[in-house]
2 protein chains.
Amino acid sequence: MVDLNISALQSRQAPADREPGAQPEPIWDIIELLFFAYRDFVGDPDDALARFNFGRAHHRVLHFVNRNPGMKVADLLDILKITKQSLGRVLKQLVDQGYIVQKEGANDRRQRLLYATGKGEALAMRLANLQTERISRALAELGPGAHENARQFLIAMINVENRSQAMKLTARSDQKRKSIP
Amino acid sequence: MVDLNISALQSRQAPADREPGAQPEPIWDIIELLFFAYRDFVGDPDDALARFNFGRAHHRVLHFVNRNPGMKVADLLDILKITKQSLGRVLKQLVDQGYIVQKEGANDRRQRLLYATGKGEALAMRLANLQTERISRALAELGPGAHENARQFLIAMINVENRSQAMKLTARSDQKRKSIP
DNA sequence: CAGAATATGTCAATATGGTTGACCTAAATA
DNA sequence: TATTTAGGTCAACCATATTGACATATTCTG
């Protein structure tokens, strides 16, 4: 049980008068709520993944491959911002266990284009459904416009130089269904 | 450069007609934006921490101790949801290097109450200021009410059983300043 | 008061997911 | 032909987490 002996529960304060040059008061609530919300958000898939002996790294790879059939390894590295050695380990396991296949690029035969198999797509969708349950429960608690508000807030939180990438990736509800059986 | 050869950029779709019993389409945009936003959000402190040979684990510990002066070790474990062995390592480093002190509880002498030192508070505030810069830039891009909208969305994303804890912790803008010199 | 429960710390082994650096092949390109 | 690019791989290492066992001091309870 957590009881931190809180002296008062006043709400978010207006910007206080500060000495010139001093930092404004940190936005504690958003800082901490992001921590708690993200922890619970990734917690759902974690539990499911553990039963496959997979971890978060596998989830991220499978997710983006499922969402972007035929993507290049280099694209995945750029999205995940990890090294190819780090990707290599989890990607190899996903390929060996039949969740992802790699196909030689038609134009450029050096490329190993990535596709989720039927099995891979099934797992990716199962994990996405878990997270969607949480999100739709949350959005349903709030008023209309909550989805759009959340979307805009999250976009604004992304580094400017990463935004167009993120928006390109997420703006596609016309999801191609190209998993390999 | 990421170019996934996107065929169309249509916006979020209305809930499509589905076969009965089928899952609704996953809420891809929020799922992915949370990943990108959180990655950049924790990226700012990561860079600063690296110069102290500290990592994210140190940040989390220092943050909550700074925000909750005199908290018990057990409270910290409950917030972070890690084991005491895992906490032990980073906490020891923070204590050894003078960022945190532990004081015997006045009522219960088994407790080791945690306080940030002046040095610890300075680092915690520096990291919080980095994250606050990002948040206020984001909120400023959006309309009025963005702070409250974001707050409510994030709260709604937290597990119901964790919400009261999160709200108690974050609702205190009346931050006690109790760091030990 | 004796014994149980609690708060905290510690040792050891192990897993996951990340890093750097070096080096390799095959294919495309200048 | 020479260089660059896409991708893979080996090896060492690091940070952060886990489980399980056990130790100490203190408080609580019958």
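This is a short tour of a predicted model, going from the two DNA strands to two helix pairs. Residues are numbered from 1 along each chain as its sequence is written, and chains are lettered from A and ligands numbered from 1 in the order in which they are written. Because the model is predicted, local features need pLDDT of at least 70 and side-chain atom pairs count only at pLDDT 80 or more, while totals for chains, interfaces and linings use all residues; side-chain values use heavy atoms, with hydrogens and water left out.

**Stop 1: DNA strand D**

Select DNA strand D and the 24 residues around it. A residue is near a molecule or strand if one of its heavy atoms lies within 4 Å of it. Lys84(A), Arg110(A), Arg60(B), Thr83(B) and Gln85(B) come nearest. Of the atoms of DNA strand D that come within 4 Å of the protein, 58% belong to sugar and phosphate.

Now show polar contacts (pairs of N or O atoms within 3.5 Å; within protein, one must be able to donate a hydrogen and the other to accept it, and residues adjacent in sequence count only if both atoms are side-chain atoms). Thr83(B) has a polar side-chain atom 2.7 Å from a phosphate oxygen of DNA strand D. At Arg109(B), a polar backbone atom is 2.9 Å from a phosphate oxygen of this strand. For Ser86(B), an N or O atom in the side chain is 3.4 Å from a sugar or linking oxygen of DNA strand D.

Colour by element next; helices (H or I, at least four residues) and strands (E, at least two) are DSSP runs, numbered from the N terminus. Which helix supplies the largest share of the surface near DNA strand D? Helix 2 of chain B does, with four residues.

Colouring by class uses three groups: Ala, Val, Leu, Ile, Met, Phe, Trp, Tyr, Cys and Pro are nonpolar, Asp, Glu, Lys and Arg are charged, and the others, Gly among them, are polar. The surface near DNA strand D has four nonpolar, nine polar and eleven charged residues.

**Stop 2: DNA strand C**

Move to DNA strand C, which has 24 residues around it; Arg60(A), Thr83(A), Arg89(A), Lys84(B) and Arg110(B) come nearest. Sugar and phosphate make up 55% of the atoms of DNA strand C that come within 4 Å of the protein.

Two side chains to pick here face base oxygens. An N or O atom in the side chain of Gln85(A) is 2.7 Å from a base oxygen of DNA strand C, and a polar side-chain atom of Lys84(B) lies 2.4 Å from a base oxygen of the strand. Gln102(B) has a side-chain N or O atom 2.9 Å from a phosphate oxygen of DNA strand C.

Helix 2 of chain A gives the most to this surface, four residues.

**Stop 3: helix 2 and helix 3 of chain A**

Keep helix 2 of chain A and add helix 3 of chain A: their axes are 11 Å apart and pack at an angle of about 125°. Axes are lines fitted to C-alpha atoms, for helices over the stretch in contact, and angles run from 0 to 180 degrees between N-to-C directions. The two helices are therefore oblique to each other; angles under 35 degrees count as roughly parallel, over 145 as roughly antiparallel, 65 to 115 as roughly perpendicular and the rest as oblique.

In contact (heavy atoms within 4.5 Å), Arg60(A), Val61(A), Phe64(A) and Val65(A) of helix 2 meet Leu76(A), Ile79(A) and Leu80(A) of helix 3. These residues divide into six nonpolar, no polar and one charged.

**Stop 4: between the chains**

Finally, select helix 6 (residues 146-157) of chain A and helix 5 (residues 118-141) of chain B, whose axes come within 8 Å and cross at roughly 135°. That makes helix 6 of chain A oblique to helix 5 of chain B. Residues in this contact include Phe153(A) on helix 6 of chain A and Ile135(B) on helix 5 of chain B.
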